Amino acid sequence: MPKKESKNKSFILRIDSDTMDAIEAWAADEFRSTNGQLQWIITEALRKARRLPKKRTSEDKSKEEEPE
């Protein structure tokens, strides 16, 4: 199975040390990296707020590829 091309963007995040300590401890408890934990926290918050874009189905993708 081919790997999906990553479209991750990098940015700087300033966070206070107490919050960072809590995130690092949480990440360790979940067996994730700190970065992975932050990504999970953000994704969960966006999902709960219904702010994530809708996932495209394979049917949607095939419609784009069909000539009209």
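**Exercise 1. T43 in its surroundings**

In which helix is T43 found? Place this residue in the predicted model, then classify its exposure and find its side-chain partner.

*Solution.*
Step 1. T43 is found in helix α2.
Step 2. Take its relative accessibility, 39%. Buried means under 20% and exposed means over 50%. T43 therefore counts as partly exposed.
Step 3. Follow the side chain of T43. It reaches the backbone oxygen of Q39 at 2.8 Å.
Step 4. Turn to the largest pocket. T43 and Q39 are both among the lining residues closest to its centre.

**Exercise 2. The chain as a whole**

List the secondary structure elements in order, then describe burial and surface.

*Solution.*
Step 1. Count the elements: three helices and zero strands.
Step 2. Read them from the N terminus on: α-α-α.
Step 3. Consider burial. The chain has 68 residues, and buried residues make up 7% of them.
Step 4. Consider the surface. The accessible surface of the chain is about 7100 Å². Carbon and sulfur atoms hold 52% of this area.

**Exercise 3. Helix α1: length and start**

Test whether the span of helix α1 fits its residue count. Then examine the contacts of D16.

*Solution.*
Step 1. Helix α1 covers residues 17-29, which is 13 residues.
Step 2. The expected span is 1.5 Å times one less than the number of residues. For α1 this gives 18 Å.
Step 3. Compare with the model. The end C-alpha atoms of α1 are 18 Å apart, so the two values agree.
Step 4. Go to the start of α1. A side-chain oxygen of D16 comes to within 3.2 Å of the backbone nitrogen of D18.
Step 5. Look for another partner of D16. Its side chain makes a polar contact of 2.8 Å with the side chain of T19.
Step 6. Place T19: it is found in helix α1. Its relative accessibility is 32%, so T19 counts as partly exposed.

**Exercise 4. Positive phi in the loops**

Where do F31 and R50 lie? Give the phi value and the exposure of each.

*Solution.*
Step 1. Recall the background: most residues other than glycine have a negative phi.
Step 2. Take F31. This residue is found in the loop between α1 and α2, just after α1. Its phi is positive, near 60 degrees, and F31 is not a glycine.
Step 3. Check the exposure of F31. Its relative accessibility is 79%, so F31 counts as exposed.
Step 4. Take R50. This residue lies in the loop between α2 and α3 (58-65). Its phi is positive as well, about 55 degrees, and R50 is not a glycine.
Step 5. Check the exposure of R50. Its relative accessible area is 76%, so R50 is exposed.

**Exercise 5. Q37**

Is Q37 buried or exposed? Identify a polar partner of its side chain.

*Solution.*
Step 1. Locate Q37: it sits in helix α2.
Step 2. Its relative accessibility is 0%, so Q37 counts as buried.
Step 3. Trace the side chain. A polar contact of 3.1 Å joins it to the side chain of R32.

**Exercise 6. The largest pocket**

How many residues line the largest pocket, and which helix gives the largest share of the lining? Describe the volume and the makeup of the lining too.

*Solution.*
Step 1. Start with the volume: the largest pocket holds about 680 Å³ of space.
Step 2. Count the lining: 18 residues. Those closest to the centre are N8, F11, Q39, I42 and T43.
Step 3. Assign the lining to elements. Helix α2 (residues 34-48) gives the largest share, six residues.
Step 4. Sort the lining by class. Nine residues are nonpolar, five are polar and four are charged.

Technical notes:
Residues numbered from 1 in each chain as written. Predicted model: local features only at pLDDT ≥ 70, side-chain atom pairs only at ≥ 80, totals over all residues. Heavy atoms only, no water. 1 Å grid on protein atoms, 1.4 Å probe; cavity = no way out; pocket = protein on both sides within 12 Å on 5 of 7 lines; lining within 4 Å. Points joined across faces, edges and corners; volume = space filled by probe spheres on them. Helix = DSSP H or I, 4+ residues; strand = E, 2+ residues; numbered from the N terminus. Nonpolar A, V, L, I, M, F, W, Y, C, P; charged D, E, K, R; others polar. Polar contact = N/O pair within 3.5 Å; in protein donor to acceptor, adjacent residues only side chain to side chain. Buried < 20%, exposed > 50% of the residue type's maximum accessible area, 1.4 Å probe, protein only. Areas by Shrake-Rupley, 256 points an atom, 1.4 Å probe, with all protein chains shown as cover.
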